[in-house]
Amino acid sequence: MKYTSTRDKTISILPSQAIIQGISKDGGLFVPKTIPKIDNLMELTEMDYRELAYLIMSKFFTDLEPSLLREAINEAYGEKFSHREIVNLVKVKDRYILELFHGPTYAFKDMALSILPHLLRIALKTNNVNKEVVILTATSGDTGKAALEGFADVEGIKIVVFFPEKGVSQIQKLQMITQEGENTFVVGIEGNFDDAQTGVKTIFNDIKFKEIMDKHGYILSSANSINVGRLIPQIVYYFYGYLNLLKQGEIGEGEKINIVVPTGNFGNILAAYYGKMMGLPVNRLICASNENNVLSDFFNRGVYDRRRELILTSSPSMDILISSNLERLLFYILNEDDGAVKDKMEGLSKNGFYRIENINLDDFYGDYSREEEVTNTIKDVFNHDGYLMDPHTAVAYSVYDKYRLRTKDDTKTIIAATASPFKFGKKVADSIGLNTYEKDEFQILKELEDRTGIKVPEGIASLREKKVKHNNYCRKEDMKKILCKFLKVGEAFD
Ligand SMILES: *Cc1c(COP(=O)(O)O)cnc(C)c1O
């Protein structure tokens, strides 16, 4: 298996190299040159999560030593997850909620970030790289903590996380700034997630800066969802969810399902699209946005237009106007025309938008929900069905409700649940009618626990006692500078 770039198909590199590099030097994203197929799903229903993960990942990461890959999977998807089956499928009314938040940081990012450090370690070994790796990560809240947790104290790796100081929830922030581990660095930046992400991309694309780093024995890599080491592990749970329904007899062999995904950077839903290309019977992928509805506009009008103000919502991990992973979908729908992808992406960066014409986007359905709809959805689903959702999941649920009303499509449907409601306690508590006025976050969580009978997860409750370890703040222009400070690189640069 080789990987190429969405912007330059002459590039051809091994899976391990794609994991190490993170992003292609032409600015494009790595994509596998062929899509492996998985058939005979009926025969896979007895597999546990790890076996299935191995089956899928081994098809994409062909140059990683099989025994090491297996070990990595066992290590990643083990006791760190509070659910024995790693993910949990809950039926609410006639829909199936696929809970992806039972990992160490209570968001779906753990599904991939618990294995990425292992993949990177093996990839470095495979390529005899002896440099120290510096993971640069921009986060809208959940990636940062999941990456810190995954990479903390991993030898030969340093991790630097940039988060928008004012764009994450109180719990998300506490989770990050209390992170332990000598190799971890956390910085709040002035600006929003797109600023953080653009800043990180700029660093990656700065050849001179990379040379300086190289001279000091550092190699830069990314833990953002553009890395194939994150994308591929995310395919696994869609198959797992489907196989679970098959096993329980909820669906028949070959029966198609819809998948609804609360979307930000387009990584999670893209993994479902890969699943479909690999043979997972999928009818429609429903892309749910919050009020930052660039993607919803894209699927409805064929125009991707980021020329608008970013709105801070109660689903901060989706407060994004530049959905990086959409570039990979573009690559496929433009018939793998690398020149055309390059044109569109350059258009986006120069003009703030691009348009696609005469392209069939029927695999997808895009819509968005407003804050008030999110609030009502959390309330109604809790009151009527006793199921408590976080605001991201509620965006998906609400968009699906509207989809059902509009299309009357009663295809069986999986909704991806991406975070624990306790990560966004205030919003959830407000939505179900608790009085949160002038109460501190932990008091709110306790009341939420009392009202719902669902225990506050240990890792969140314990944040209260944790020491703040990181107290860094910088302007987006100064990200390089602060990085150099962390790495004790003293060279002048602009
Ligand atoms: C990151 C995140 C999302 C968005 O996922 P993408 O892969 O960026 O589309 C949705 N919900 C939660 C809770 C997240 O952390």
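**Stop 1: the second largest pocket**

The second largest pocket of this predicted model has a volume of about 390 Å³. Begin by selecting Gln21, Phe204, Lys210, Ile219 and Leu220, which lie nearest its centre among the 14 residues of the lining. Next, colour helix 1 (15–21), helix 8, helix 9 (207–215) and strand 9 (218–222), the elements that each give two or more residues to the lining of this pocket. Which of these elements gives the most to the lining? Helix 9 does, with 4 residues. If the lining is coloured by class, 8 of its residues appear as nonpolar, 3 as polar and 3 as charged.

**Stop 2: the largest pocket**

Now select Arg7, Lys201, Asn205, Met345 and Ser349. These residues lie nearest the centre of the largest pocket, which is lined by 21 residues. The space in this pocket amounts to about 500 Å³. Helix 8 (193–205) should be displayed here together with helix 14 (338–351), as each supplies at least two residues of the lining. Helix 8 was also part of the previous stop, where it gives two or more residues to the lining of the second largest pocket. How do the residues around the largest pocket divide by class? The lining has 8 charged, 7 polar and 6 nonpolar residues.

**Stop 3: the largest cavity**

Leave the pockets and turn to the cavities. How many cavities of 30 Å³ or more does the structure hold? There are 6 of them. The largest cavity has a volume of about 270 Å³. To find it, select Phe108, Lys109, Gly264, Asn265 and Ser317, which are nearest its centre among 26 lining residues. Then highlight helix 6 (142–151), strand 10 (257–262) and helix 11 (267–278), each of which gives two or more residues to the lining of the largest cavity. Helix 11 gives the most, with 3 residues. By class, the lining of this cavity comprises 13 polar, 10 nonpolar and 3 charged residues.

**Stop 4: the ligand**

Display the ligand while the largest cavity remains in view, for the space taken by the ligand is the largest cavity. Which residues come nearest to the ligand? Of the 15 residues around it, these are Lys109, Asp142, Gly264, Asn265 and Asn268. Lys109, Gly264 and Asn265 may already be selected, since they are also among the residues nearest the centre of the largest cavity. In the shell around the ligand, 8 residues are polar, 5 are nonpolar and 2 are charged.

**Stop 5: contacts of the ligand**

Finally, show the side chain of Asp142, one of whose N or O atoms is 2.5 Å from an oxygen atom of the ligand. At Asn265, show the backbone instead: a backbone N or O atom of this residue lies 2.7 Å from an oxygen atom of the ligand. For Ser317, return to the side chain, where an N or O atom is 3.5 Å from an oxygen atom of the ligand. How much of the ligand does the protein cover? The ligand has 380 Å² of accessible area on its own, and the protein covers 98% of it.

Notes. Residues are numbered from 1 along each chain as its sequence is written. This is a predicted model: local features need pLDDT of at least 70, side-chain atom pairs count only at pLDDT 80 or more; totals for chains, interfaces and linings use all residues. Side-chain values use heavy atoms; hydrogens and water are left out. A residue is near a molecule or strand if one of its heavy atoms lies within 4 Å of it. A polar contact is a pair of N or O atoms within 3.5 Å; within protein, one must be able to donate a hydrogen and the other to accept it, and residues adjacent in sequence count only if both atoms are side-chain atoms. Accessible areas come from the Shrake-Rupley method with a 1.4 Å probe; for residues, only the protein chains shown count as cover. On a 1 Å grid over the protein atoms alone, a cavity is a set of points where a 1.4 Å probe fits but cannot get out, and a pocket is an open set with protein on both sides within 12 Å along at least five of seven lines; lining residues have an atom within 4 Å of a point. A molecule sits in a cavity or pocket if more than half of its atoms lie within 2 Å of its grid points. Ala, Val, Leu, Ile, Met, Phe, Trp, Tyr, Cys and Pro count as nonpolar, Asp, Glu, Lys and Arg as charged, and the others, Gly among them, as polar. Grid points are joined across faces, edges and corners, and a volume is the space filled by probe spheres set on the points.
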